[in-house]
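Please find below my notes on the aromatic contacts and the nonpolar surface. They are given as numbered points.

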Amino acid sequence: MARLVSGRRSKWIVLALWIVVLAVAAPMAGKLSGVEKNDNSAWLPGNAEATKVSELQKQFQPDDIAPALIVYERDGGITAADQAKAAADAQAFAGVPGLAGQVSGPAPSKDKAALETLVPIKVDSAGWDKIVDSTDAIKKITGTGSAGLRVYLTGPAGSAADSANAFDGIDGTLLYTTLIVVALILLITYRSPILWLLPIMSAGVALTGAQSLIYLLAKHAGLVVNAQSAGILTVLVFGAGTDYALLLVARYREELRRHEDRHEAMQFALHRAGPAIIASAATVAVGMSILTLAEVNSTSGLGPVAALGIVVGLLVMMTLLPALLVICGRWLFWPVRPKFGTPEPTATGLWARLGGRIARRPRTVWVSTAVVLGAMALGLLQLNANGLKSGDTFTTKQPAEIGLEAMARHFPAGQGQPVAVIAAAGSADQVRQALAGTPGITSVADPVVRNGLVELDGTLQAAPDSDAAQAVVKQVRTAVHAIPGADARVGGMTAMTIDINDANRHDNQLVIPLVLLVVLVILGLLLRSVVAPLLLMVTVVLSFAAALGVSALVFRHLFHFGGEDTSFPLYVFVFLVALGIDYNIFLMTRVREESQKHGTRRGALTGLAATGGVITSAGIVLAGTFSALGSLPLVAFAEIGFAVAFGVLLDTLIVRSVLVTALTLDIGRAMWWPSRLARVRDEEESAEVTAPPEAVPAR
């Protein structure tokens, strides 16, 4: 493979092949957003009770309905003119695109200070994308109010429109933000006005290839893609792909000082860095693939999307990038070109000096570092990963949330988002009594019977996303499940929230241990050791806990977020462990390579000196790409972006460089037990054995 991608003639063939692939893939990549599924089924747990109710509701209404609630409010009471306007608006709503039934209202509140109109909007397979057209048409009819009358658009349709607007242009926003961040970091890293372009170009090709492949699978093989997974794909491909590029370019520059022929230098670079890059990508891809076992559809769908992105990124960085580097030659590194025969600067650089200081008291260093990380992990006591309320979903207050607050001032907070119960038609009376008799249910609509089933809708007194509403829904489930032969199921928005949170907790308990196990096995096979992988996994878990702890404190006391989504720990864990293990692999494969020549002690110091700079650069790039998620107005994305960015920096600057190096120096060749390398003496030990007494080197 190394000869193929960097041969004197074959490099041009590799370049030509990728140009053809890019020409074919680019049009399909641009269509990816057209196959995204952002309806309820793309986000819900597949087997949850609320999901089954959502499916059964299609027998009562063929289309998914998202009611738009229009609230008219006036301090001091609604006037006759206000009533007339609301009635005229209700008639005009008949022309709203996507209307799926009769407009209901305007209905006055008990305090006579507000009116409410319900407009049912159809939700098709595109999810929220088409709802914006409907809500925009409604807003054009109602206006925002005047002369003291305030008009709000809220309800499920309003919330969906806010989400659609938040995700609108997510691919472009993330792409351009990521490009700027990566370009700046590469410019600083390489200190070359030209070299940074090749990793950026290669990452762009990788993203285009991944998007086109995922488009084909979504179009023809049933792969589920939503706005979340498509957005994360951009960050992941650029972040991981640039990491692989940094490692390869660093090794290539090192080999250029040893080989006069750049083709030969690239072959050696690929031969020596390739196994670490491939093992790293395999770890990430397998770790992401484990997400397919998750119950939540949005999480399980992310698994294959992310894994495919990593695989395509690896393929590009191991073929196209080497060919481009060899085609361009040494001048790419201008103004600091690596000349043949010049010494490697990392041997006496910052990381070599840091290694020398750690080597003086390695045990003191790793113990104190572990204590500090443990103290940072105490912030986990502030973690509140129990789900985000609707008002906490966005970084800024959205129009639908303002409307919900207005509605709650005058109407039952759960109006427009009922508790839906579907049961056997023969048990309709019993189910109705159980639903109506549950404290917190203010009213029950007339039953609707279809195909031997009955649907009953109950209105919640509390806000649908509140803890009080969830408690009521759980009571409803207990009551109706106890009715013999009713086969009753409870759904609705509140029930969906309960089921999603429960499924996320299940996924946390299932996926996190599996990812740890897979990473442990891959490290064991790569390092051919038992001790080293176990210790590395301990450092990974400690690093993850510290990052999560600090993030929880920042979210609570600096950003003042209302909490964390229940999926937050899982996403942060998978990204930090699967991607963070890259740096373990980059460092420890080089340490093992050097330990075979000089023993573990010198191997650890040489490995740190050689990889410290590239690992730090890779970490900064990955942190920068994930921080781009903060450019979106969504709290869940901002939290994931901050936690992963901070965790990656902590991992590269402290855990890999200091903690792992100190552990390796302290434990010595026992790190490689039970492999043959555990019996290879360090150079210092050999010198003590063979030297005469007066020549024994001082420690």
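1. Phe-575 has a relative accessibility of 1% and therefore counts as buried in this predicted model. Phe-626, also with a relative accessible area of 1%, is buried.

2. The ring centres of Phe-575 and Phe-626 are 5.2 Å apart. Their planes make an angle of 55°, so the pair is classed as tilted; the edge-to-face class would need an angle over 60 degrees. Phe-575 belongs to helix 19 (residues 568-598) and Phe-626 to helix 20 (residues 600-627), so this pair ties together parts that are 51 residues apart in sequence.

3. Across the whole structure, the search gives 11 aromatic pairs. One of them is Phe-555 with Phe-559: the centres are 6.4 Å apart and the planes lie at 25°, so the pair is stacked. The distance cut-off for a pair is 6.5 Å.

4. Are the two partners of the stacked pair buried or exposed? Phe-555 is buried, at 0% relative accessibility, whereas Phe-559 is partly exposed, at 36%.

5. Phe-555 and Phe-559 also belong to one aromatic cluster, together with Phe-561, Phe-568, Phe-642 and Phe-646.

6. On the surface, Ile-620, Leu-649, Leu-653 and Ile-654 make a nonpolar patch of about 260 Å². Helix 21 (residues 635-667) supplies the largest share of this patch, 3 residues. Leu-653 is located in helix 21 and, with a relative accessible area of 36%, is partly exposed. That value fits the requirement that patch residues have over 30% relative accessible area.

Key:
Residues are numbered from 1 along each chain as its sequence is written. This is a predicted model: local features need pLDDT of at least 70, side-chain atom pairs count only at pLDDT 80 or more; totals for chains, interfaces and linings use all residues. Side-chain values use heavy atoms; hydrogens and water are left out. Rings of Phe, Tyr and Trp (its six-membered ring) pair if their centres lie within 6.5 Å; planes under 30 degrees apart count as stacked, over 60 as edge-to-face and the rest as tilted. Buried means under 20% relative accessible area, exposed over 50%, partly exposed in between (1.4 Å probe, protein chains only). Helices (H or I, at least four residues) and strands (E, at least two) are DSSP runs, numbered from the N terminus. Patches are made of residues with over 30% relative accessible area and no salt bridge: like charges are joined within 9 Å, nonpolar side chains (Val, Leu, Ile, Met, Phe, Trp, Tyr) within 5 Å. Accessible areas come from the Shrake-Rupley method with a 1.4 Å probe; for residues, only the protein chains shown count as cover. A salt bridge is a side-chain nitrogen of Lys or Arg within 4 Å of a carboxyl oxygen of Asp or Glu.
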